[in-house]
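Please open the model in your viewer and keep the selection tool at hand, since this tour moves from one selection to the next.

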Amino acid sequence: MGATILPDLLTQILIPATAVVGIAFALVQWLLVSKVKLSPERESSGAGNNKNGYSDYLIEEEEGLNNHNVVVKCAEIQSAISEGATSFLVTEYQYVGVFMAVFAILIFLFLGSVEGFSTKSQPCTYSKDKICKPVLANAIFSTLSFLLGAFTSVVSGFLGMKIATYANARTTLEARKGVGKAFITAFRSGAVMGFLLAANGLLVLYISINLFKLYYGDDWEGLFEAITGYGLGGSSMALFGRVGGGIYTKAADVGADLVGKVERNIPEDDPRNPAVIADNVGDNVGDIAGMGSDLFGSYAESSCAALVVASISSFGINHELTAMFYPLLISSMGIIVCLFTTLFATDFFEIKAVKEIEPALKNQLIISTVLMTVGVAIVSWIALPSSFTIFNFGVQKTVKNWELFFCVAIGLWAGLVIGFVTEYYTSNAYSPVQDVADSCRTGAATNVIFGLALGYKSVIIPIFAIAVSIFVSFSFAAMYGIAVAALGMLSTIATGLAIDAYGPISDNAGGIAEMAGMSHRIRERTDALDAAGNTTAAIGKGFAIGSAALVSLALFGAFVSRSAISTVDVLTPKVFIGLLVGAMLPYWFSAMTMKSVGSAALKMVEEVRRQFNSIPGLMEGSAKPDYANCVKISTDASIREMIPPGALVMLTPLIVGTLFGVETLSGVLAGSLVSGVQIAISASNTGGAWDNAKKYIEAGASEHARSLGPKGSDPHKAAVIGDTIGDPLKDTSGPSLNILIKLMAVESLVFAPFFATHGGLLFKYL
């Protein structure tokens, strides 16, 4: 089979070293952002004129506004948003912490009971001639890795939120010097989150494997089976983060828009609107903390899926450490590639005009993909033997190292294709969104029809891209090929997250500018940053959904192998009923999340109306609204409403596997994957298109857009209604669905030993 060029010792040094470099780079970016002061002291004007704008004198651009007051006001608003976001996340994590503790006990009990909590060594699952560690050890270590994954996911989300709330007002203040300075501040802040998350995820996984190895020794099969708990923990927290955060942010957003914009005809983020602070808090807990946990979960699961398959292939059987760590080396290369890519946006090129913002963000995706392709080729050459075998449903398939390179590369480029198709369907620079905006001439109904049609149509090319990726990668390297294709799609996660986090930070910056009473020019700049961020956020969601499809298929393959199912036959009733139920689950889940947003928004609308009607002088601006009450409504609703959808996803595999057995569960997993991906893509793109159609009319940048406007016109009101309907689709149901399909697959894999031994109770006794 041949040895690898990269020695094992160097592999053991390189992986943690790149993670540390990623963390160090994040800290450097954070220090640069922190140089923008949120205190009204004037900076010395003799410090030179630095390109990044940190030593420039603050140019006074506001008409008739005192610089001191503006800075103090920005600091106050930032503090209110930060406090609201922190208190919500702390409350959410307390509730979820209880759920996690209960679930950890369930993992231990289910896996421990496979052999009656036996402490005796046993024959290995795949190599019966070898002796593996006892079942009880697998139960203990799976529980530990589950808790580690959950903890890392929480930290990822919380740190992201802290960074975003730290940067939002700083971006607003930098917008006074020009759009380029504001862009750099927002993008650097996003990069802090991206690099911290990618590096932490890699480092914790690497350390966990090495610590577990102290006990497992040569039993790599048992070791990497236990490590799958890490992916389960990451995605469990992500589910609650996405659902809870999504309900919070959209309840506030819908409430603020419907009463403020449609009924009262006041601008977005107007300080008179009682829901405005809750709306801005929501951007941070939903779009930042939820998204951070979500992408961490995808990364953890794709790594775990690849490691599980590799451990029963020649890498694991022959104890080839460097080849075994190929998924981690890909992620390490990703951190280095993203580091160079980030410098293109912050240091190599300067943004001078509004029209340069979106190309700069798109170039990040293109540059990182091109550089990563070269990086993957290098890793595949030095970290893999020229030929090896991969486990393929009971047989070993011979694979060449260049074939594995193609698997990762096709995942990487499929991600880019999905990203750009998403952009085409959700950016107001292209005809699909302009057509949706044009349909607002005849009212909200035609807007809704056009938007739904756009969402359904936008599914076509991404599905073909995913299908081609699956076919090519499976042909080359079986299920391992699909797992590393998913990893390829996520290998540039640091850049993807930086672009994703940039959107909500810019959105918050615009809100702060409006609330602080800054000039119209400043708001125009933050709006331009936000519009570009909206499109890139949709691209990020496309990546997350595409990678979720590949990850869950790889996990599904590992589950089928671990459950000792030779084939999944759709024509058997057991499997077919599973398929039907699985395909229904995303609809049930979406119904729960959308109803939750609807009922929370109803309370918010009533509260905002009540305040406008009962607080004298509120519309005139002489009285202050009660922001805290709206924050409380969003918090209470999201905490209460996130439990049922979360329980549906977490309990389904347990109930189906225990009562109906592994064949029916395999049908459920296949059904939920196939229908979940389609609904997730269409929901995200429909919502994104409605949002940008509204922004297209508001900006009035073209003759066509001006004919539909201005703000407050009938077409604009129709666009606002479309945007409001799309909010829960694009920010609650859509993004949460990709967690549903991954989480059910990884959970089934973790519990597979129990299901294979004791599952199917109903069929046993019927």
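How many bridges join β3 to strand β4? Select residues 387-392 and 395-400: six bridges join these two strands, which run antiparallel, where strands (E, at least two residues) and helices (H or I, at least four) are DSSP runs numbered from the N terminus, and two strands pair if DSSP finds at least two bridges between them. This is a predicted model, in which local features need pLDDT of at least 70 and side-chain atom pairs count only at pLDDT 80 or more, while totals for chains, interfaces and linings use all residues. Residues are numbered from 1 along each chain as its sequence is written, and side-chain values use heavy atoms, with hydrogens and water left out.

Within the hairpin, Phe391 has Gln396 of β4 as its bridge partner, and Phe393, in the turn of two residues between the strands, has a positive phi of about 50 degrees. Five of the six residues of β3 are buried, meaning under 20% relative accessible area with a 1.4 Å probe and protein chains only, whereas exposed means over 50% and partly exposed lies in between.

Next, select Tyr765 in helix α23, which counts as exposed because its relative accessibility is 69%.

Widen the selection to α19 (643-660) and α23 (761-765), each of which supplies at least two residues of a nonpolar patch. Together with Tyr765, the patch on the surface is formed by Leu651, Ile655, Leu659, Leu761 and Leu762; patches are made of residues with over 30% relative accessible area and no salt bridge (a side-chain nitrogen of Lys or Arg within 4 Å of a carboxyl oxygen of Asp or Glu), with nonpolar side chains (Val, Leu, Ile, Met, Phe, Trp, Tyr) joined within 5 Å and like charges within 9 Å.

Note on methods
Areas by Shrake-Rupley, 256 points an atom, 1.4 Å probe, with all protein chains shown as cover.
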